[in-house]
Amino acid sequence: MADDLPQADDKKSDPPAYQDHFYRSGDDRLTLYARLYESDGPPLLLMHGLTRNSADFEGLVTHLAENYRLIIPDQRGRGRSDYDPDPLRYEPATYVVDMLALMDSLHLDQVGLIGTSMGGLMAMIMAAMEPERFDSLILNDIGPVVEQEGLDRIQSYVGALPPFENWQQAADHCRNVHGEVMIGFDDGDWLGFARRTCQLLPNGRIRFAYDPAISIGLSGNQQTAVPPDLWPIWDQLSALPILIIHGALTDIISPATVTEMKDRHSGPISAVEIPDRGHAPLLDEPAALSAIASFLKSVGR
């Protein structure tokens, strides 16, 4: 199992407390981990992107935890979940089965879904597979078409890297990789970003909190990180209330894709663009928070 993740520094307020939840993966090969923010409110399942983990939603959690029961997993190969000895299993179909196992372990019959990037791909597949278990869907910077330009950029920085000597070095690296699409971040923001995406090793060094083998799904001619054609799945979600959030600077989802998603959807659907953000918004931006609050209220959550 990966080393424990340190809590991210939050210069505004401390994030709410959560409970640790360990459960068996859908294929019963691994022990996986999730944060549980318990509440009497309706449950929401939040799923992170390719290189992130459950800490990625800490900013959003601060605004939702009082009114919603939040379930936020580390996908296999990330954070406190086991790394998979077979990297070919690092692909959305496997993660989806893990998420259904997580819901079963918590006896959840129905949840709302929030998915960032890879987590959004998973959310679409899950809602198409078992529509009766999901009553709303928030997609963060992802759609049925994933732009190759964005995939190439992600491939350029995902994988094995030498460990960092300290947190400041990790923060500087995060700024170098993401600085052009996270406009307005100051030194404290980048340190917090590093603490959410990296982990402390026993020798005092820092590394990213994921198995470098997750990069295999982005390489070669048979890329498995993104399903080849999600439009048929999208068309199965026509009755589901959906909110699309996308960064103004994103290279993962195009304006044309957002327009087509809205045109092909017959149920309640809305979209909001987050200024000064590329891939992907953190969902603690004012425009994102406002859209999420309005959407959840509109679907009765």
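A residue is taken as buried when its relative accessible area is under 20%. In the predicted model described here, C198 has a relative accessibility of 0% and therefore counts as buried. C174, at 1% relative accessibility, likewise counts as buried. The structure holds 0 disulfides. C174 takes part in none, and the cysteine sulfur nearest to that of C174 belongs to C198, 4.9 Å away. A disulfide requires two cysteine sulfur atoms within 2.5 Å; the sulfur of C198 is therefore too far for a bond, since its closest cysteine sulfur, in C174, lies at 4.9 Å.

Nonpolar packing was examined next. In soluble globular proteins, nonpolar side chains tend to be buried together. The largest nonpolar core of the model comprises 70 residues, and L45, L113, M124, M126 and L137 have the most contacts inside it. Helix 3, spanning residues 118–129, gives the most to this core, contributing 9 residues. Another core, of 24 residues, lies apart from the largest one and includes I245, I274, A288 and I292. The surroundings of L45 illustrate the packing in sequence terms: when neighbours within four places in sequence are left aside, L45 is in contact with I71, P73, M99, L102 and M103, among others. The contacts of L45 also include V111, G112, L113, I114 and M126.

Helix 8, formed by residues 255–263, has both buried and exposed positions. T257, V258 and M261 are buried in this helix. Viewed down the axis of helix 8, the buried residues fall within an arc of 100 degrees and therefore line one face of the helix. An α-helix has 3.6 residues a turn, so residues three or four places apart point the same way. On the other side of helix 8, P255, A256 and D263 are exposed. The cover over the buried residues of helix 8 includes helix 7 (231–235) together with strand 6 (134–140), strand 9 (242–247) and strand 10 (269–274).

Towards the N terminus, strand 1 (residues 19–24) and strand 2 (residues 31–37) run antiparallel and are joined by 6 bridges. Within this pairing, R24 stands opposite T31 of strand 2. The two strands form a hairpin with 6 residues between them, and D28 in the turn has a positive phi of about 60 degrees.

Methods:
Residues numbered from 1 in each chain as written. Predicted model: local features only at pLDDT ≥ 70, side-chain atom pairs only at ≥ 80, totals over all residues. Heavy atoms only, no water. Pairing = 2+ DSSP bridges. Helix = DSSP H or I, 4+ residues; strand = E, 2+ residues; numbered from the N terminus. Buried < 20%, exposed > 50% of the residue type's maximum accessible area, 1.4 Å probe, protein only. Core = buried A, V, L, I, M, F, W, Y, C linked by side-chain atoms within 4.5 Å. Contact = heavy atoms within 4.5 Å. Arc of directions from axis to C-beta.
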